[in-house]
Amino acid sequence: MKYVGIALLVVLAVLILLLAVAALRAVKIKAKPNTNPPAINPTEEEANEYAQKLSAMIQVPTVSLRGNTDLTQFYKLHEVMKKNFPLVFSKLECTEIEGNLLFRWPGKDPKRNGVLLMGHQDVVTADEPNWERDPFSGEIADGNIHGRGAMDCKSTVFSEFQAIEELLAEGFEPPCDVYLATAVDEEISGEGAKMLVNHLKSKGVHLDVAMDEGGAILKNALPTMAGWCAAIGILEKGYIDVKVIAKGKGGHSSTPKTNTPLARLSKFIAAIEKDKPFKAEISGPVYAMLDRAAPLLGFPLRMVLGNMWLFKGLLTKVLPMVSPMCNAFVKTTFCCTMAEGSHSPNVIPSEAYVVCNLRPSPHQNAEQSLAVLKKYADKFDLELDVIHARSASNCVDFNGEEFNYLKKCLNECYPEAGVIPYLMTGGTDCRHYEEIADNCLRFCPIKMSNEQLAAMHAANESIGVTETAYCVKFYKHYIKNHK
């Protein structure tokens, strides 16, 4: 017993020492305020002019729908853009492929790799009943530009084009080729971006960096974070649509048998939600995200996230329980989104199905995630029909030159904001450019509130007038100083 007591005291002493080291490190890593003035300062007159231009773009309802190939609204948007950005359309090389636009601004050194800025022209539907304003009015009110696409992502497209329009007017010549790319079908995972990539490949183009929508500059993005944080998307999770099919004997619902197709599908869904079978892991990108966010947080979280060497195992178990977002950071996610059975309330279907959407994590790719799903399908005598499957994208080097250059520009233009890498749970067109770009960064340098972020693909989408103006000036700063 004596030796057991001594061993317990030693363990306790070691734990106290480890916690003391962790606490000391948490004190040391606290972020110091950047008191430098911002390198950009748009005027009120410029902000109002930009708002009018963006409003005109929002007023064109460029909604993309699967199966609809009518590009009328997109060509109307092109006419608005020609009016907004006459120098871009008259001075740059323009390639139009089925509504998708690609511009090349030749640089001083044609042998150098290029830089590409991108976004998408299309928007999702605006069928929600609780819009406070006409979703395609582009109304400017309360310091915001309102309407579908204001944030996702006509503000990005506008800001990139406006920045280059102004640089052209100033006679600026970039050191390397600069490209602008904007597709018409990003929201439906269409082929537009692929077409533009294939065109660039045919020309032998290679890019140092492609920058798309994705992360943004958010306030209080994490618990205990008091202030702004620029989250740069360094990769995106994979994507799977799979139909899970149950077959059996149909019949009249007045004399039902047990274990009908719908019952088996229900058991399948319930079992997965209960067991939570996908592997939890803090992968390299998530580790970097949490580690670099730590200095921006209050002491308790800073102590935990700033000492991943000590708390990683605990965090791996706890994060899936904190919130759906935290769960998505560390696990493949699973959700049933569509279902069909009988078309009559008194008929047992002989076949029923659900469509499941999964977002594979970097550490558990599409094939491995589907293997987990198949075990459950086999258990309940179900078939899997994979509609679409892709694994997570490549990860950008978040210690590399292009990431650090973007971070430097953010520190100069938004000194009040910390900068962290970010694992994207959604998808963008940027993944297609991995074939020709060394770095695919998902980030739009625009400040938005949590309410504005929540309005993405929902009612009352809007973006700030002042924030859009700063976004334009940021892109100018980024292009002018890119060596």
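A cavity, as I use the word here, is a set of grid points where a 1.4 Å probe fits but cannot get out.

**Entry 1: enclosed spaces.** I am working from a predicted model, and I began by looking up its cavities. With 30 Å³ as the lower limit, I find that the structure holds two of them. The second largest cavity comes out at a volume of about 40 Å³, while the largest cavity has about 50 Å³.

**Entry 2: lining of the largest cavity.** I noted the residues around the largest cavity, and they are Val115, Pro174, Pro175, Cys176 and Val178, together with Tyr478, Ile479 and His482. Sorting this lining by class, I get seven nonpolar residues, one polar residue and no charged residue.

**Entry 3: lining of the second largest cavity.** Here I wrote down Trp131, Arg133, Asp134 and Pro135, then His146 and Gly147, and finally Asn460 and Glu461. The classes in this lining are two nonpolar, three polar and three charged residues.

**Entry 4: an open space.** I then turned to the pockets and looked up the second largest pocket, for which the volume is about 530 Å³. It is lined by 22 residues, and those closest to its centre are Ala31, Lys32, Leu296, Ala417 and Gly418. When I asked which elements give two or more residues to this lining, I found helix H13 (401–413) and strand S15 (417–424). Of the elements, S15 gives the most, with three residues. By class, I recorded eleven nonpolar, five polar and six charged residues for the lining of this pocket.

**Entry 5: Phe172.** I went on to a single residue, Phe172, which I located in the loop between helix H5 (154–169) and strand S6 (178–183). Is Phe172 buried, partly exposed or exposed? I enter Phe172 as partly exposed, because its relative accessibility is 21% and the buried class is kept for values under 20%.

**Entry 6: contacts of Phe172.** Leaving aside residues up to four places away in sequence, I find that Phe172 touches Trp105, Leu167, Ile479 and Lys480. For one of these, Lys480, I also looked up the separation from Phe172: the two are 308 residues apart in sequence, yet their C-alpha atoms lie 7.9 Å apart in space. I add a cross-reference to Entry 2, since Ile479, which Phe172 touches, is also one of the residues that line the largest cavity.

Note on methods: Residues numbered from 1 in each chain as written. Predicted model: local features only at pLDDT ≥ 70, side-chain atom pairs only at ≥ 80, totals over all residues. Heavy atoms only, no water. 1 Å grid on protein atoms, 1.4 Å probe; cavity = no way out; pocket = protein on both sides within 12 Å on 5 of 7 lines; lining within 4 Å. Points joined across faces, edges and corners; volume = space filled by probe spheres on them. Nonpolar A, V, L, I, M, F, W, Y, C, P; charged D, E, K, R; others polar. Helix = DSSP H or I, 4+ residues; strand = E, 2+ residues; numbered from the N terminus. Buried < 20%, exposed > 50% of the residue type's maximum accessible area, 1.4 Å probe, protein only. Contact = heavy atoms within 4.5 Å.
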